[in-house]
Every structure is written in C-alpha cells, then in structure tokens.
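This report is written for a reader who has the sequence and the coordinates at hand. It moves from annotated repeats to the core, then to two helices and a few individual residues.

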Amino acid sequence: MRFPDARICMEGHANALALSKDNTLIAVAGRSLLKVYSIDDYGFREVCNMRGGKNQNLSYSSNDVAWSTMDCNLLATAATNGVVSVWDHSKCGRQKQLLVYNEHERTAHTVTFHSSEPNILISGSQDGTIKCFDIRSDKSVNTYFSNSESVRDVKFSPHAQNIFSAVSENGTVQLWDMRKWDKCMVQFTAHYGPVYTCDWHPTRNWLATGSRDKQIKVWDMDGRPGLEYTIHTIAVVGRVKWRPERTYHIASCALVVDYSIHVWDIRRPYIPFASFNEHTNVTTGIAWLGNDSHCLLSTSKDSTLHKHAFEDATRPALKANAQGASLGRYGDISFANKIKEYAPKTSGASNTKTSSSFISRRKSIVAGSIQFHLDHSRMYKFMVKDAFSGFPLNESDSKPRQEHECFIGCARELIMSGKKLAELCEHNSEVSKKYGRHNATTLWNFLKLFYGSNHFEPPFEHRSSFSNQKNPINQRRATQVPSDWPQQRSDLSQDLNGNAQEATHEIDAANEDDDPLGGSGVEHPPTSSVILSETQIISEINFDNFELLRNGFIYVGPTDAAKALAFPALHHDVQAARPQLEIKASDHEKSPPPHVPTVLKVSHVPPIPMWEPHKFVADALMLLNDVGDVQTALTVIISLGEARKLLPLEDTLVEHWFHTYVDQLHRYELWNEACEVINRSWLRSVQQLNQQSTAMHTNCGDCGRQLSNKVGWYCDKCKSMQSAKCCVCGLIVRGVYAWCQGCSHGGHIEHLQKYFAKHSKCPKCGHLCAYS
Amino acid sequence: MFTVQWESRSVTVVRAKESGESKTTTYWKNKSHEKKMFDVEPIIADHKDVIHDVVFDYYGRRMATCSSDQTVKIWDEDAQGKWSVTSSWKAHSGSIWRVSWAHPEFGQVVATCSFDRTASVWEEVIGEKVSTTNTPTRRWVRRTTLVDSRTSVTDVEFAPKYLGLLLATASADGIIRIYEAPDIMNLSQWPVQHEIANKLPLSCLSWNTSTYMVTQLLAAGSDDSATPTGKVFLFAYSDNARKCVKIDTVNDITDPVTDVAFAPNAGRTFHMLAVASKDLYIVNLRGVTDSTGTTKLDIQTVKFSDHNCPVWRVCWNMLATMLISTGDDGCVRLWRMNYNKQWRCAAVLKAEGSGPTYEPAPPTPTLAATASATAKFYKKGTIGNQVPWH
C-alpha cells in the first residue's frame with residue numbers, strides 16, 4: 001500500500017519541517033501556516049493548527065521551525081519579520097504562543113534548540129546576528145555578531161557541547177562557542193556564494209554546507225577545517241541532511257528550479273545515488289525519520305507533506321547509459337565501458353549467479369552488491385584489421401583491404417566517362433576485382449557484354465518509343481556481337497584450358513543437387529552462388545570463366561527463361577531458379593563446341609535474343625544499394641551514359657543515390673571525386689550542389705559596407721578606392737588580392753604572407769586574421 | 001588480455017591469445033590461413049566518472065566524450081593515429097548524457113545535454129597566436145543554454161544538414177523539442193520550433209539522414225519499464241498540421257529502450273533503425289505512398305535474440321554496412337549484412353577485465369556450440385587488478 005500524502009494547506013506554502021525527538025510529531029511551518037501532524041503507519045494526521053483564527057500577523061509567517069529536544073510539546077519558530085516565538089501545542093488558543101522575542105531587526109532565517117540544555121535556543125537573522133534565548137526569560141541572553149550581512153543557518157554540533165556553526169550569505173562558516181559571545185572560534189570562507197544551509201554529520205566531526213554556487217561541501221572540523229568532499233548539484237542548494245546509518249550519504253533539496261530531493265554518495269560527487277521526484281514545487285524541508293535510513297519526510301511549496309520510501313527512489317545512475325561507442329572512418333571503434341565494482345563480500349555471490357535476467361540483475365544492484373561510488377569507465381580503441389571488412393579476397397591477393405580502403409580506392413579509380421563503355425566496364429571490373437568486390441566485377445562484366453558493344457543513340461524519350469525501337473537495336477546487337485566474339489573467345493578458350501575442369505565440376509555439382517525437374521542447371525549455379533553467397537567466401541570462382549558462361553547464356557536463352565532466371569537469382573533463390581534454367585538448357589543444348597564444356601553454346605547464334613537486360617540491371621543495382629554499395633550502382637548508371645534511360649529506375653531514387661554517394665565522398669574528404677560525380681549528373685537538384693555558396697561578397701575596408709560589384713573595389717559610400725590598396729605596402733593591388741573576410745582588409749598576397757609569418761593581427765585594424 | 005570470437009558460416013570459432021607489453025594483438029583462424037583481425041588499445045580518458053557517450057565527428061577525424069564528471073573532452077588524432085585530448089571543460093552542473101557534432105559546414109560545433117535539465121551548444125573559437133610557430137589556441141565557447149526542459153535532458157542530436165541547423169532534444173518527461181538556429185552565423189539564438197509531448201519518458205532519439213520517400217523523420221525511444229506498450233516512436237513533419245507529429249509507434253519493442261540509431265544515408269530504398277533494448281532490434285522502415293497520395297511507413301522489426309545481454313549502445317559506420325552494438329557484458333558486437341539482406345553477428349570484441357559478464361545462454365540451436373565455448377572462455381575473465389578511484 002502506498003503511504004498517503006498529506007495536503008497540508010491550501011493557502012500558504014510550507015517553508016520548513018521539523019520532526020520531534022520521538023519521531024511521532026511533525027511540525028510544518030510556512031507562510032500563515034504552523035501545524036503539527038502525527039505520523040503513524042496509516043498516514044499523517046493533523047494534531048494541531050496553531051494559526052489561531054483571525055489574528056494573523058507576520059509572526060506567523062515562519063522561515064524555520066524547531067522542536068525542543070526535551071519537551072515534546074515545545075517548539076520554536078523563526079518568522080520573516082524577525083520574531084522568534086516559542087510555542088506549546090498542548091495549550092489552547094492564544095496561549096499556545098508561549099513567548100515572543102521581537103529582537104531581530106530583520107528576517108529571522110533559522111532557529112534551533114540546544115541539544116542538551118532544553119531551555120536554550122539560538123536564532124540566526126538577516127541582520128547578521130545570532131541571538132541566544134533562554135525560555136525562562138523574555139529577553140535574549142546573548143547576541144553574537146557574525147560580521148556578515150546575514151546568517152542563514154545555525155546548527156549545534158552533536159560532538160561538542162556549546163559549539164554551534166553559523167553560515168552566512170558572504171560564503172563564510174563560523175564556529176562559535178556559546179559562552180564566548182565576543183568572537184567566533186573559527187571562521188573560514190566555504191563558498192563563493194551565499195551559504196544557505198549546514199548540517200553536522202551524526203557520527204563524524206564533519207560539517208556539510210550547501211550554497212548558491214550549487215555545491216555541497218563537506219568539511220572536516222577537527223582542528224583546522226579541511227575540505228573533504230565537494231558535490232556538484234544542479235541547482236542552488238536549499239537544505240542538506242545527512243542520512244542516518246550511512247556514513248557517506250547526504251540528502252539535499254534545492255531552493256529553486258529543481259523540485260527533487262537527491263541523496264548523494266559524497267564519494268561520487270557528480271550524480272545522485274537516489275532521487276525523489278514526487279513534489280511539484282520546490283522542496284523546502286527534509287527530515288529522515290529518526291534512525292530509519294529508508295524513510296524520508298519532506299514538505300514543499302506545493303503544500304504537501306510526503307513520506308518517501310527509499311525503495312521507491314529513482315536511481316539516475318542506473319538509468320544512465322553506461323557505455324559509449326562510435327565507429328570511425330577507418331572502421332575503428334572507440335568504446336567506453338562502465339566498470340562495476342562489487343563489494344568483496346557479495347561479489348562471489350553475483351558471479352555465481354548464472355543466466356540472470358536483466359530484471360534480477362537490476363534488483364541485485366539495488367540490493368547493494370555494487371559499490372556505487374566506485375563506478376568508472378574504461379575506454380578502448382578497437383582497430384579492425386584487414387580482410388575483416390567482409391569482402392574476402394583471393395588468396396593470391398597479398399594485400400587485403402579494409403572496407404574504407406575499398407571505398408576510397410574505388411572512388412579514385414573507377415572511371416565514369418571518357419572511353420567507350422566497353423573499356424569503362426573492363427577497367428572498372430578490374431578495379432572492382434582489385435578491391436575484392438566480386439559482385440561489382442560480375443556486374444561490370446555483365447554490362448560490358450550487354451551494353452558495351454552497342455552504341456545507343458540518344459535520345460530515348462519515352463520508354464514506349466523505346467519499345468518500338470526494340471527490334472532494330474536487337475538486330476544491331478546481333479550483328480555487332482559476333483564481330484567482338486573471336487577475340488573474346490580466344491581469351492576464353494585460354495582460360496578454359498585451365499578452368500574447364502573446374503567449370504564442369506561446378507556444373508556437375510549443380511546437377512547432382514536434387515533438382516525436382518532433373519536439372520541440367522548448367523552454367524547458372526555458379527552465377528547464382530556468386531550473387532547469392534551469404535558470406536562471400538567463394539573466392540575461387542573465376543570470373544572470366546563466369547563471363548564465358550554468361551556469354552553462352554545470353555546468346556542462347558529464350559526470353560522467358562532468361563528473365564525468369566535472372567530475377568530469382570537476384571533474390572537468392574537458387575532452387576527456384578533452377579527449374580527455369582533447365583528448360584532453357586534442354587531447349588538449346590544442341591551443338592556445343594567440341595573443346596568447350598556444356599557451357600559454351602556460342603556458335604549457335606542466330607536466334608535473336610529478345611530478352612532485355614534492363615530490368616535485370618536495375619534490380620542488380622537496387623540489390624547493390626540494399627546491401628550498402630551505392631558506389632558501384634551509381635558509377636554504373638553514370639557510365640552507361642544515355643543507355644541509363646533504358647533502366648527502369650525512378651528519378652527520385654537515382655537522385656537519392658547521387659546525394660548519398662556525394663555525401664559519402666564528402667565524409668571521406670574526396671572532394672574532387674564528389675565534384676566529378678556532381679558534374680556528371682543530369683539531375684538539376686544534384687548539379688545545383690556545385691553552384692551553392694560560390695558567390696563571395698567583398699566589403700569596403702573603410703566603412704565595412706558591401707561593395708557593389710560594378711566597379712571593382714570602389715565604395716559607393718566612401719567614394720573611394722581605398723580598399724583596393726594593399727594594407728602592407730599601400731599600393732594599389734593588381735593581380736591576386738588576398739583578403740580577410742573578417743575585417744575586410746587585405747592586399748598583395750606575397751606581402752601578406754611575409755607579414756603574417758611574423759604577426760598574427762591585421763596590419764590595419766588589429767583583427768585576428770586567420771589566413772590558413 | 002583480449003578475446004575474440006569469430007563467427008561465420010563455415011568457420012569454427014577459434015581463439016588465440018598473444019600478450020605483448022602494451023599492445024595486444026589477437027589472431028583468428030579461418031581454416032588454414034591465419035590473419036590478424038584487430039588491435040585493441042586502452043585509451044586513457046581521464047574522466048573522473050562514467051563516460052556516457054563517445055562520438056566521432058562527421059569526418060571521423062575528431063572525437064568527443066562526455067561523462068558524469070560534468071566535463072566534455074574533445075580528442076584529435078595525430079599522424080600516428082593516436083588520440084589525445086585537445087580540449088576539456090566543465091560543461092554542465094550535472095552528468096552529461098550525450099554529445100552531438102553539428103555538420104562541419106556550420107563550424108566546429110557540439111551540443112551536449114545533461115542531468116541538470118539543460119542542453120548547451122558549444123563552438124570552437126581560434127584564439128590569438130601566442131607565437132608564430134605555435135598553432136593558435138583553441139577553446140570551446142558556450143553559445144547558448146537551452147533551459148526549456150523541466151527534467152533531465154536525455155539526448156541531443158543535430159539534424160542532418162539538409163534541414164539546416166536544427167537540434168532535437170529528448171527529455172525524461174517525454175518531451176521532444178526541436179530548436180533551430182535561423183542565422184547560422186549566430187549560434188546564440190535557438191528558438192523552439194516544435195515541441196512534442198509524449199506520455200512516456202524518453203531516453204534517446206535519432207534523426208534519419210536519408211530522405212528517400214520520407215523527410216524529417218525522427219525516432220525516439222523510451223526507457224520506461226512500467227508499461228507494456230511500444231517503446232520506439234517515430235515523428236515526422238506533417239504538412240497538414242504544420243508541425244512535427246508522432247506518426248507511428250513500433251509496437252514490437254516493449255522492453256525499455258536505451259539507444260536508437262538510424263543508419264546513415266546509404267542509397268537504400270528503406271530506412272534502417274537500430275534499437276538497443278533488452279535485445280538488439282533492426283527496424284526497417286519503408287515509405288509507402290498509398291492511393292490517396294499520403295505517405296505511410298511500412299514497419300518491419302527484426303529481433304536479434306542472440307545478443308545474450310542487454311544492449312546499451314548501437315552505432316553504424318559511415319557507409320552503413322556495419323553496425324556495432326555494445327552489451328552489458330562489456331562486449332562490442334559487430335553486425336554485417338549478408339547478401340540475403342540479413343544482419344548477422346560477425347564478431348564479438350571484448351576487452352577483458354571489464355567486470356563480470358553475462359553467461360550467454362544458447363539462444364538458438366545453431367549457436368549452442370559457440371555459446372558454451374564462449375561461456376567457458378568468459379569465466380576466465382577476472383575483475384582484479386583494478387584501481388578504485390574516489
């Protein structure tokens with residue numbers, strides 16, 4: 001069951017809270033508010049309201065309240081008008097207000113009873129004095145002059161009789177002996193701003209102070225006060241209170257901004273150990289319920305009284321992300337990891353706990369097995385080496401490369417224009433191969449065969465018009481291809497001598513697969529497996545060989561079969577692809593050349609291929625992109641020149657690729673390559689990238705006005721040509737004019753170079769010109 | 001000192017150790033050939049508390065770290081590839097959760113967010129040359145403090161460049177704020193452009209840099225553990241409402257989310273969002289235009305249950321071909337996409353001595369062998385030899 005909150009008062013907000021010695025009664029004081037509540041297991045119950053009727057005066061507007069350490073009926077308040085009152089809540093009506101000391105000239109901020117002498121109380125005030133009262137007399141017994149503008153808090157030391165500390169707005173802490181009213185024992189500056197609160201540690205001789213500089217400081221008061229710990233909080237500290245039974249824990253609440261109560265481990269001064277966020281306005285009073293370190297009482301300007309159970313507290317440090325990691329441009333990883341330190345006793349237990357879930361792990365943290373204050377981070381740099389890039393290379397390639405090297409290398413070496421498409425493809429295929437991008441290599445080779453031998457005549461305005469032209473093109477292709485063929489074939493046959501064995505082996509393997517249609521899957525399994533290969537481990541495939549297979553296929557395949565083959569293959573579905581192949585193969589496996597394995601059905605040319613590779617190429621490009629290789633895809637499109645219009649690709653997608661690739665080139669600082677890509681673009685939005693921010697405006701060196709570009713350096717306002725002169729030699733500059741954008745002064749570049757080798761400021765105005 | 005675990009289709013996991021004086025090299029074996037896989041170097045960060053974020057800048061040439069010790073450090077790489085701190089300053093009065101670099105076109109600018117409920121924008125300025133031989137001193141100047149949040153600001157990120165100089169913050173009370181610097185020469189003015197309130201506290205956010213089909217897409221995650229609802233939200237600019245609105249929730253992810261990261265623009269037709277939660281998720285988002293012409297998101301969530309421990313951070317490489325995720329066990333996992341368009345864990349990098357680890361339970365039959373081997377190996381880890389700080 002949740003402990004019910006108490007809403008104290010609708011009219012005024014609470015300024016302070018005090019708990020009686022036997023921990024049963026709570027006094028809440030505030031503006032026109034002074035009430036006593038009892039606390040038990042069921043909640044808060046109002047015992048007494050001391051704001052009696054209509055006679056409201058300023059002495060009821062209390063800044064602080066304190067219980068007598070002996071008599072559980074007595075309490076004292078410090079009022080905003082400087083009045084210190086003593087109350088007896090057991091009495092009736094007006095008699096409740098036992099004593100009224102109207103001695104402070106200004107606001108009384110704090111009041112406290114002596115810990116062993118029940119009749120003595122002291123108060124601190126804005127007038128800079130501390131007064132000591134004896135409730136047996138109606139006058140102050142002693143007055144201590146703190147020599148500061150204002151005393152914000154006074155507290156008796158629990159470790160020494162008659163010693164009390166006083167903190168003041170000028171940032172000093174004073175230690176007074178009650179009996180020596182003329183001079184304080186110790187005085188030191190604790191904070192840069194006003195100190196608003198202090199609290200003595202219950203067991204150690206430590207004094208905690210909280211200040212407007214957002215810090216809580218812990219002072220060792222043995223001998224000369226020494227700073228032990230500093231806690232950086234997020235707001236002006238209003239009150240601090242040591243947590244009982246925990247040497248290093250202290251609770252604090254803020255005067256402004258922050259409504260939460262934070263409990264800090266003073267050894268970890270940056271992040272609270274626990275936070276209570278229930279209040280909806282500034283918390284003004286906190287008290288631990290006696291020696292119960294798990295129960296905290298608080299009151300707030302939201303006019304509520306809260307009892308917080310420690311297990312309900314939020315733990316900011318546990319919510320915080322414990323790790324940081326980032327990937328660099330070279331695939332290097334910077335990684336910061338929180339190191340948890342376990343208490344020696346419990347560490348064994350938590351180690352043996354296997355397969356603990358996230359939740360139970362969290363709970364075991366709460367249980368205290370982790371040394372909260374010892375949390376820290378370690379940072380590492382992982383440098384991923386060589387072929388780990390996921391593009392495995394041929395064994396013969398002695399220089400394995402990383403992904404970024406591939407990217408940069410390809411960006412520099414791939415060529416997009418200036419040669420015939422076939423040559424481009426050949427070159428680019430070599431480059432791709434060099435960098436281990438076998439899929440790209442395959443694609444380039446493929447392109448070379450399909451598009452390389454044809455010169456598509458621009459323009460193809462519409463796809464529809466293209467379809468009308470289909471026949472002539474195909475015919476042209478059919479006639480042109482054979483002219484290429486002998487040369488290629490000689491290459492191939494050379495290769496084949498070496499590779500035929502392997503190729504047939506591949507084919508056999510494919511055939512052995514339990515193909516439902518009894519496949520002679522011929523050339524395609526290798527094809528598919530290259531595009532498919534999950535881990536791309538198959539590096540032994542010889543691509544010349546593969547190219548040959550492609551040739552065979554291209555000139556033999558009927559439209560449907562080829563299409564059907566190409567697409568499933570792309571989608572890595574070998575099984576689906578095979579049946580189609582097999583139809584094709586059985587149809588056309590007529591006269592294989594004698595020295596070539598089943599693969600080469602080249603001599604059998606005449607059936608004009610009706611299959612268009614465009615959709616296939618487009619899909620291949622899409623796939624390349626989906627697996628993260630926009631570089632190849634875009635280079636292909638650019639290289640194709642006008643033929644790109646044949647590919648069924650949306651302009652928006654291509655534009656997207658352009659932007660992506662340019663962005664990637666920029667990231668690797670390949671400015672020239674990026675520029676070339678932009679220049680090769682036919683899309684307006686991409687071309688505009690190179691036209692942005694190319695205009696530079698010049699200012700007049702005298703008046704700082706922008707120069708109209710009509711007449712060189714002539715300024716319309718000053719009617720002068722002053723800015724045309726070199727600010728070093730004073731002569732008019734002809735030729736290169738170096739000019740600082742910051743101060744609008746400049747001159748001969750060689751003069752400026754000389755000048756700035758010795759100086760850092762502008763010769764004319766002293767501006768820090770940052771010439772690089 | 002360090003361990004490697006290499007997973008691949010046909011390769012059994014083999015680990016070998018070779019300790020050197022200061023540097024440790026680890027080898028992996030793949031069938032017959034043995035190759036160096038990665039080096040690991042400890043970096044002396046000198047942060048006095050937990051480091052919460054490590055971020056490279058746009059080019060990967062600079063690095064920023066932020067910590068609970070309320071400082072931000074900027075690192076530069078020297079010619080030998082060694083990182084060293086070139087600036088360090090106390091940036092907030094609370095733990096600094098995250099740091100983000102602006103696009104370099106806007107100058108050297110970082111934003112930080114903190115437990116102290118503020119986010120700040122910092123710019124590096126070049127000071128006066130002390131002498132002509134020295135490089136001029138550089139220091140970071142606070143340009144603005146964004147104080148709108150009433151609770152801890154849990155994440156901050158600059159928007160991709162095409163949107164201009166925009167900054168999004170997420171806070172623990174569930175509010176996303178988008179600030180814009182209308183004048184990029186004046187970084188002290190950051191009016192709030194959008195404020196989107198959510199019911200759940202937010203722990204992280206990420207901008208989508210890719211513009212294909214959807215623009216100005218923003219994802220945020222919540223670390224709330226009380227409700228069993230979806231924890232990843234998607235926001236986009238709505239032309240009708242003329243403001244940023246929540247357009248979708250990824251309902252498949254109901255565990256508290258600690259980090260989200262959109263993959264960098266890589267020319268894909270879909271967008272990938274990595275989500276760190278109890279498990280690692282990759283959410284594929286595809287913009288679909290329906291018959292009425294409105295664009296909707298087609299969401300497909302892939303869960304990786306073989307992470308074996310809660311995930312704290314996710315990060316992509318520049319080309320979006322590799323994803324790393326860091327687990328509560330102190331391991332960094334590398335994920336790569338294969339040609340089936342599936343992401344697979346390619347390697348687990350671990351720096352030993354990072355405390356007790358989770359014993360990975362065998363999640364899938366295929367991984368059982370590796371997992372038990374891993375578990376055995378993890379047990380060798382020690383937590384000794386550590387110097388506690390105070």
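In this predicted model, the end C-alpha atoms of residues 44-76 of chain B lie 14 Å apart, and the span is 0% helix and 55% strand. UniProt, in an unreviewed entry, places the feature "repeat: WD" at these residues and also at residues 304-338 of chain B. In chain A, the UniProt record, again an unreviewed entry, gives "repeat: WD" at residues 101-143, 144-179 and 188-222. The table sets out the computed values for four of these spans.

| Span | Helix | Strand | End C-alpha atoms apart |
|---|---|---|---|
| Residues 44-76 of chain B | 0% helix | 55% strand | 14 Å |
| Residues 304-338 of chain B | 0% helix | 57% strand | 15 Å |
| Residues 144-179 of chain A | 0% helix | 56% strand | 10 Å |
| Residues 188-222 of chain A | 0% helix | 57% strand | 14 Å |

**Chain A and the nonpolar core**

Chain A as a whole contains 17 helices and 33 strands, and of its 772 residues 46% count as buried. Among the contacts in chain A with a separation of 6 or more, 49% are made by residues that stand 24 or more positions apart.

The largest nonpolar core has 250 residues, of which A220(B) and V260(B) touch the most other members. The element that gives the most to this core is helix α6 (residues 438-451) of chain A, with 8 residues. Domain 1 (235-318) and domain 2 (321-382) of chain A both contribute residues to this core, so the core lies between them. Around A220(B), once its neighbours within four places in sequence are left aside, the contacts are A170(B), I176(B), L202(B), C204(B), L205(B), F233(B), F235(B) and V260(B).

**Helices α5 and α6 of chain A**

Helix α5 (residues 421-434) of chain A has 14 residues and reaches 20 Å from its first C-alpha to its last, which is close to the 20 Å expected at 1.5 Å a residue. Its buried residues are L421(A), L424(A), C425(A), N428(A), S429(A), V431(A) and S432(A). These residues cover an arc of only 165 degrees around the axis, which puts them on the same side of α5(A). An α-helix has 3.6 residues a turn, so residues three or four places apart point the same way. The partners against which the buried residues of α5(A) pack are α4 (403-413), α6 and α13 (630-640) of chain A. After α5(A) comes G436(A), whose phi is positive, near 75 degrees.

For α6(A), the 14 residues should span 20 Å at 1.5 Å a residue, and the end C-alpha atoms are indeed 20 Å apart, which agrees. Helix α6(A) is mostly covered, with 14 of its 14 residues buried.

**Individual residues**

Most residues other than glycine have a negative phi. Against that background, N23(A) has a positive phi of about 65 degrees although it is not a glycine, and its place is in the loop between β2 (14-19) and β3 (25-30) of chain A. N23(A) is partly exposed, because 16 other C-beta atoms lie within 10 Å, whereas 20 or more would be needed for a residue to count as buried. A320(B) is likewise not a glycine, yet has a positive phi of about 60 degrees, and A320(B) is found in the loop between β24 (311-316) and β25 (322-327) of chain B. With 22 C-beta neighbours inside 10 Å, A320(B) counts as buried.

D71(A) lies in the loop between β6 (62-67) and β7 (74-79) of chain A, and is partly exposed, with 16 other C-beta atoms within 10 Å. From C-alpha to C-alpha, D71(A) and F450(A) are 103 Å apart in space, and 379 residues apart in sequence.

W219(A) is found in strand β20 (residues 215-220) of chain A and is buried, with 21 other C-beta atoms within 10 Å. Leaving aside its neighbours within four places in sequence, W219(A) is in contact with A190(A), W206(A), L207(A), T209(A), P225(A), G226(A), L227(A) and E228(A). One of these partners, A190(A), is 29 residues from W219(A) along the chain, and the two C-alpha atoms are separated by 8.8 Å.

Conventions
Residues are numbered from 1 along each chain as its sequence is written. Chains are lettered from A and ligands numbered from 1 in the order in which they are written. This is a predicted model: local features need pLDDT of at least 70, side-chain atom pairs count only at pLDDT 80 or more; totals for chains, interfaces and linings use all residues. UniProt positions are given in the numbering used here, feature names are shortened, and annotations may be inferred rather than shown by experiment. Helices (H or I, at least four residues) and strands (E, at least two) are DSSP runs, numbered from the N terminus. A residue is buried if 20 or more other C-beta atoms lie within 10 Å of its own, exposed if 12 or fewer, and partly exposed in between; C-beta atoms are placed from the backbone. Two residues are in contact if their C-beta atoms, placed from the backbone, lie within 7 Å. A nonpolar core is a set of buried Ala, Val, Leu, Ile, Met, Phe, Trp, Tyr and Cys residues joined through C-beta atoms within 7 Å. Domain bounds come from an automatic or database domain assignment. The expected span of a helix is 1.5 Å times one less than its number of residues. The arc is that of the directions from the helix axis to the C-beta atoms.
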